[in-house]
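Q: I am new to this structure and would like a close, unhurried look at a single part of it. Please choose one region and follow it from its framework to its surroundings.

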Amino acid sequence: MHEWSLAEAILDALTSLMEQESMKKISEVEILYGEMMELELDILKFALEELSKETPMKDTKFIFSEERASFRCNSCGYRWNFEQAHSSLSEELGIRELAGERESPIHFIPELAQALMRCPNCGSRDFEIESGKGIRISRIVFEG
């Protein structure tokens, strides 16, 4: 479960920032995460809640926003979304999923997108991930 590791990294970054800026309390944190991360948001929220107990961030409100994934082919200029990417990867890798469930290999290794995906229009592997990858703290509201 990489959500627990992400929660630890988020809290470590916030703790460092609090020390650097001599903050006493962070009241709110907005976290922007990419669709390609396929996060289990409930697990991440729970992990942040559990790991922040007994810390200055125990009452911090965490707000999450998802950034949709977008890809652009450098060969033909075609743009596509994560649903299309997931579909083509599942077909190419022969991944079978239970009805209503989706768990791509990108969930565990996001770098696989660059290595395995092709443009749905022309088949080229030369493309850019324009958005929807990674996780970052986008806003912090602090007191003192």
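A: What follows is a tour of the open sheet with the strand order 2-1-6 and of the parts that meet it.

This is a predicted model, in which local features need pLDDT of at least 70 and side-chain atom pairs count only at pLDDT 80 or more, while totals for chains, interfaces and linings use all residues. Residues are numbered from 1 along each chain as its sequence is written, and side-chain values use heavy atoms, with hydrogens and water left out.

The framework of the region is an open sheet of 3 strands with mixed pairing (strands are DSSP E runs of at least two residues and helices H or I runs of at least four, numbered from the N terminus; two strands pair if DSSP finds at least two bridges between them). Strand 2 (61–67) and strand 6 (135–143) are at the edges with a single partner strand each, so one side of each is left without a neighbour in the sheet. On average, and with direction ignored, neighbouring strands here are turned by 15 degrees against each other.

Strand 1, which covers residues 25–34, pairs with strand 6 in the antiparallel sense, and 8 bridges join the two. Within this part of the sheet, Tyr 33 has Ile 135 of strand 6 standing opposite.

Two helices meet these strands. Helix 1, made of residues 2–21, lies across strand 1, strand 2 and strand 6, and runs at about 45 degrees to strand 6 (axes are lines fitted to C-alpha atoms, for helices over the stretch in contact, with angles from 0 to 180 degrees between N-to-C directions). Helix 2, residues 41–52, also packs on the sheet and touches strand 1, strand 2 and strand 6, while its direction makes about 155 degrees with that of strand 2.

The loop between helix 2 and strand 2 holds Thr 60, which counts as buried at 10% relative accessibility (buried means under 20% relative accessible area, with a 1.4 Å probe and protein chains only). If neighbours within four places in sequence are left aside, Thr 60 is in contact with Ile 26, Ser 27, Glu 28 and Val 29 (contact means heavy atoms within 4.5 Å). The side chain of Thr 60 also reaches the backbone oxygen of Ile 26, at 2.6 Å. Between the C-alpha atoms of Thr 60 and Leu 48, which are 12 residues apart along the chain, the separation is 9.5 Å.

Leu 48 leads on to the largest nonpolar core, which has 19 residues and in which Leu 14, Ile 31, Leu 44, Leu 48, Phe 62 and Phe 64 have the most contacts (such a core is a set of buried Ala, Val, Leu, Ile, Met, Phe, Trp, Tyr and Cys residues joined through side-chain atoms within 4.5 Å). Helix 1, strand 1, helix 2 and strand 2 each give two or more residues to this core, and the largest share, 6 residues, comes from helix 1. Leu 44, when residues up to four places away in sequence are not counted, touches Glu 3, Leu 6, Ala 7, Leu 39, Phe 64 and Ile 135. Apart from this core lies another one of 11 residues, among them Trp 80, Phe 82, Met 117 and Cys 119.

Key:
Buried means under 20% relative accessible area, exposed over 50%, partly exposed in between (1.4 Å probe, protein chains only). A polar contact is a pair of N or O atoms within 3.5 Å; within protein, one must be able to donate a hydrogen and the other to accept it, and residues adjacent in sequence count only if both atoms are side-chain atoms.
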